[in-house]
Amino acid sequence: MAEQNLTKLAYQTLQQGKSLAGLAHKGLSTKLMEFFAPEAIPQISKVDREILIELRKSMSALEKVDWDEAEKGLYPKSQLFDAPWLEWLARYPLVWLDMPSTWTRRRKRQIRDLPKDVKEDSYPDYYLQNFHHQTDGYLSDYSAELYDIQVEILFNGTADSMRRRIISPLKEGLKNLKHKKYSEMKILDVATGTGRTLQQLRSAFESVELLGIDLSGAYLKRASKYLNNREGEMVQLIKGNAEKMPFEINSIQGISCVFLFHELPKKARINVINECYRILEPGGILVLADSIQASDSPEFIPVMENFRKFFHEPYYLDYVKDNINEKLENAGFTNVKARSHFMTKVWSAQKPL
Ligand SMILES: C[S@@+](CC[C@H](N)C(=O)[O-])C[C@H]1O[C@@H](n2cnc3c(N)ncnc32)[C@H](O)[C@@H]1O
């Protein structure tokens with residue numbers, strides 16, 4: 001019991017530390033931007049104290065669910081502490097060094113400032129942008145090296161807790177496939193990025209075969225390095241477009257997809273949903289996690305608005321108003337459920353048996 005309390009305390013302290021570090025970083029970087037590049041600062045709305053209190057409450061609720069689900073055995077508690085801390089620490093100065101180029105892009109509204117050697121015809125047009133004003137978009141090793149730290153800062157250290165919310169609905173959904181053992185199943189993580197969700201899945205679904213797909217070769221390289229340095233089953237990484245995936249019809253039992261949909265235009269969102277439906281085995285489960293939406297979290301609309309104005313997120317406004325439930329049902333999915341956790345909304349949808 002004492003050991004358990006100590007672990008819980010360590011987890012809470014870690015989350016608080018990450019939250020404070022994220023806030024301190026954002027405060028200081030905004031001050032620097034006000035001083036060195038005031039023209040790069042967008043007009044954002046003031047967020048009322050009540051909203052900040054609600055945000056804090058919802059963050060604590062996320063922390064509680066994250067701990068409770070570990071305690072229930074949905075994933076090992078070690079998962080709550082799993083991050084390449086030393087690597088992140090070593091890279092953190094790069095985040096500061098990268099800032100002036102981000103300000104310049106923001107100020108000059110440069111949204112297609114990509115590496116010269118990118119073969120543009122290999123990617124959909126919507127992808128060839130500097131999402132979040134990120135240096136090189138998703139298309140360089142440098143961008144892949146900074147991504148995880150930038151996301152941690154953006155979400156005040158809650159990014160991994162938000163990603164972990166897919167595990168419970170995935171586990172629940174896979175129970176539909178009664179005739180199959182885990183060792184006969186495949187889970188695919190769509191738009192896997194640097195592999196953090198895959199690592200979480202690996203520790204939660206020990207004998208399931210895991211695959212990840214992403215359009216960015218650089219991010220996949222990073223994922224491969226990260227995953228290879230950790231214990232667990234081998235994970236297969238594939239470079240490809242989620243709108244048209246190189247998998248057979250009915251060949252996958254579970255699909256996860258985290259933080260992709262807000263970066264897709266509506267048509268691509270529909271294509272990805274249809275493609276997931278095609279490759280899932282009947283009875284299989286799709287779990288999506290992305291930003292909360294305007295209709296079910298109206299109190300946080302000012303926060304969503306500020307996010308869109310501050311970062312280059314060209315499809316976010318359309319996403320927050322999009323009816324994803326309807327799109328899932330139109331594709332043929334049933335048993336569509338959605339639940340919000342802090343800034344994340346998680347959908348689960350089953351392909352009928
Ligand atoms: C915001 S990141 C999310 C990455 C990861 N899921 C995570 O939790 O950090 C979006 C990812 O989607 C990928 N992506 C964007 N459009 C894609 C598409 N059409 N097909 C495959 N991957 C795509 C990007 O390369 C990037 O890695």
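This is a guided tour of a protein chain with a ligand, moving from the whole fold to the sheet, a buried helix and the ligand shell.

Begin with the entire chain on display, bearing in mind that this is a predicted model. The protein chain holds 12 helices and 7 strands, and along its principal axes the C-alpha trace spans about 65 × 60 × 40 Å. The radius of gyration is 20 Å, which agrees with the value near 20 Å that a compact globule of 353 residues would have. If you colour by burial, buried residues make up 38% of the 353 residues.

Next, select the strands. The 7 strands form an open sheet with mixed pairing, and reading across it gives the order β3-β2-β1-β4-β5-β7-β6. At the edges lie β3 (235-239) and β6 (334-341), each of which pairs on one side only. Neighbouring strands of this sheet are turned against each other by 15° on average, with direction ignored.

Now narrow the selection to β4, residues 252-258, where 7 of the 7 residues are buried and the strand is mostly covered. Strand β1 (residues 186-190) pairs with β4 in the parallel sense over 4 bridges, and in this pairing Leu 188 stands opposite Ile 255 of β4. The pairing of β4 with β5 is also parallel and runs over 6 bridges, with Leu 280 in β5 as the bridge partner of Ile 252. To follow the connection, add residues 266-279, which are helix α9: the chain crosses from β4 through this helix to β5, and the β-α-β crossover is right-handed.

Keep β5 (residues 280-291) selected and add β7 (residues 344-350), since the direction of pairing is what to look at here. These two strands run antiparallel and are joined by 7 bridges, and the bridge partner of Ala 289 is Val 346 in β7.

From the sheet, move to helix α7, residues 196-204. Because 8 of its 9 residues are buried, this helix is largely enclosed by the rest of the structure. The buried residues include Leu 198 and Leu 201 as well as Arg 196 and Arg 202, and Thr 197, Gln 199, Gln 200 and Ala 204 are buried too.

Finish at the ligand by selecting the residues around it. There are 21 of them, and those that come nearest are Ala 191, Gly 193, Leu 215, Ser 216 and Ala 242. Coloured by class, the shell around the ligand shows 11 nonpolar, 5 polar and 5 charged residues.

Terms used: Residues are numbered from 1 along each chain as its sequence is written. This is a predicted model: local features need pLDDT of at least 70, side-chain atom pairs count only at pLDDT 80 or more; totals for chains, interfaces and linings use all residues. Two strands pair if DSSP finds at least two bridges between them. Axes are lines fitted to C-alpha atoms, for helices over the stretch in contact, and angles run from 0 to 180 degrees between N-to-C directions. A residue is near a molecule or strand if its C-beta atom, placed from the backbone, lies within 6 Å of it. Ala, Val, Leu, Ile, Met, Phe, Trp, Tyr, Cys and Pro count as nonpolar, Asp, Glu, Lys and Arg as charged, and the others, Gly among them, as polar. A residue is buried if 20 or more other C-beta atoms lie within 10 Å of its own, exposed if 12 or fewer, and partly exposed in between; C-beta atoms are placed from the backbone. A crossover is right-handed if, with the strands pointing away from the viewer, the path from the first strand over the helix to the second runs clockwise. The radius of gyration is taken over C-alpha atoms; the globule rule is 2.2 Å times the number of residues to the power 0.38.
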